[in-house]
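Here are a few exercises to work through with the model open beside you. Try each task before you read its solution.

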Amino acid sequence: MFTAEFIVLWGPVALINIALIWGFSRILFLSRKESVSVLSVLSKKKTLSESMASAVAIVLDGYLLIRPFIPKLDQLVYSFTHPFSVFGVALMALGIGIAILSQIDMGKSWRIGIPENKEDSQNLITGGLYSYSRNPIYVGIMIFVIGATLAVSGPITIFSMLATAILIGKIIEDEEAFMRQSFGEEYDCYCKRVRRWL
């Protein structure tokens, strides 16, 4: 019923919508039920890395969302699919799944952006996926972007993959400085046990 072509065209659209619905639902739940303001990014000026990462995500997701509606778009931007494209969509699904599970593991500590100061609801999370990676949400994002590059290979996806890797690296450095300031020796011990990526 679902051909490889259908999956490669509409799979990314479905996955991006799942991620958006999940994210908005999680923000509403935490804000209304737990009285937690997840959107730390709104309380201070974004760093250059955060702004650029947001722009790259908007371009990549926008491209993947409009592909099914503009049949000649891939040709216009020199992108192509191939027999392994469906595996790219599977990787994208894996990446979304890892990011969602990581957010669940964080509970009330999850934030978008770095707060000005540690908040009462924030704890050092070391269990679940965080026992394997200090940044499983970013691992999930990178797997998603690598999957997108495999699913639809071309300048937009390749640039997005390279830019995302560089920008996330910088964002992680900023977050680690915040974590070290907030949790001190406890965080240093965690860093010795668990790697930054995997």
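What pLDDT does the chain average, and what share of the residues score at least 70? The average pLDDT (the predictor's confidence in each residue, from 0 to 100) is 95 for the chain, and 100% of the residues score at least 70. Confidence is lowest in helix 1, at a mean of 95, and highest in helix 5, at 98.

Two notes on the ground rules. This is a predicted model, in which local features need pLDDT of at least 70 and side-chain atom pairs count only at pLDDT 80 or more, while totals for chains, interfaces and linings use all residues. Residues are numbered from 1 along each chain as its sequence is written, and side-chain values use heavy atoms, with hydrogens and water left out.

**Exercise 1. Describe the overall fold of the chain.**

Step 1: go through the secondary structure, taking helices (H or I, at least four residues) and strands (E, at least two) as DSSP runs numbered from the N terminus. You should get six helices and zero strands, in the order α-α-α-α-α-α from the N terminus on.

Step 2: check the compactness. The radius of gyration, taken over C-alpha atoms, is compared with a globule rule of 2.2 Å times the number of residues to the power 0.38. The chain comes out at 18 Å, close to the 16 Å that the rule gives for 198 residues, so it is as compact as a globular protein of that length. Its C-alpha trace spans about 50 × 35 × 35 Å along the principal axes.

Step 3: look at burial and contacts. Buried means under 20% relative accessible area, exposed over 50%, and partly exposed in between (1.4 Å probe, protein chains only). By that cut-off, 42% of the 198 residues are buried. Now take contacts (heavy atoms within 4.5 Å) with a separation of 6 or more: residues 24 or more positions apart account for 80% of them.

**Exercise 2. Compare the spans of helix 1 and helix 6 with the expected ones, and find the bends.**

Step 1: work out the expected span, 1.5 Å times one less than the number of residues. Helix 1 (residues 4-33) has 30 residues and reaches 41 Å between its first and last C-alpha atoms, close to the expected 44 Å. For helix 6 (residues 155-193), a straight helix of 39 residues would span 57 Å, yet the end C-alpha atoms are only 38 Å apart.

Step 2: look for bends, each being the angle between axes fitted to the seven residues ending at a residue and the seven starting there. Helix 6 has a kink of about 125°, centred on F183. Helix 1 bends by about 40° at W10, with a proline, P12, following within four residues.

Step 3: see what helix 1 packs on. Its buried residues include V8, G11, P12, R26 and L30, and the buried set packs against helix 2 (48-66), helix 4 and helix 5 (136-151).

**Exercise 3. Find residues other than glycine with a positive phi.**

Step 1: recall the background. Most residues other than glycine have a negative phi.

Step 2: pick out the exceptions. S35 has a positive phi of about 55° although it is not a glycine, and it sits in the loop between helix 1 and helix 2. Y78 has a phi near 60° and is found in the loop between helix 3 (73-76) and helix 4.

Step 3: check accessibility. S35 is exposed at 66%, and Y78 is exposed at 67%.

**Exercise 4. Decide whether C189 and C191 form a disulfide.**

Step 1: apply the rule, a pair of cysteine sulfur atoms within 2.5 Å. The sulfur of C189 is 9.2 Å from its closest cysteine sulfur, in C191, which is too far for a bond. C191 is in no disulfide either, and the count comes to zero.

Step 2: add accessibility. C189 is partly exposed at 34%, whereas C191 is buried at 17%.

**Exercise 5. Is S102 buried or exposed, and what does it touch?**

Step 1: place S102 in helix 4 (residues 85-106). At 0% relative accessibility, S102 is buried.

Step 2: list its contacts, leaving out residues up to four places away in sequence. S102 touches L129, Y130, P136 and I137.

Step 3: for contrast, try L162 in helix 6. L162 is exposed, at 51%, and its C-alpha atom is 9.3 Å from that of V145, 17 residues away along the chain.
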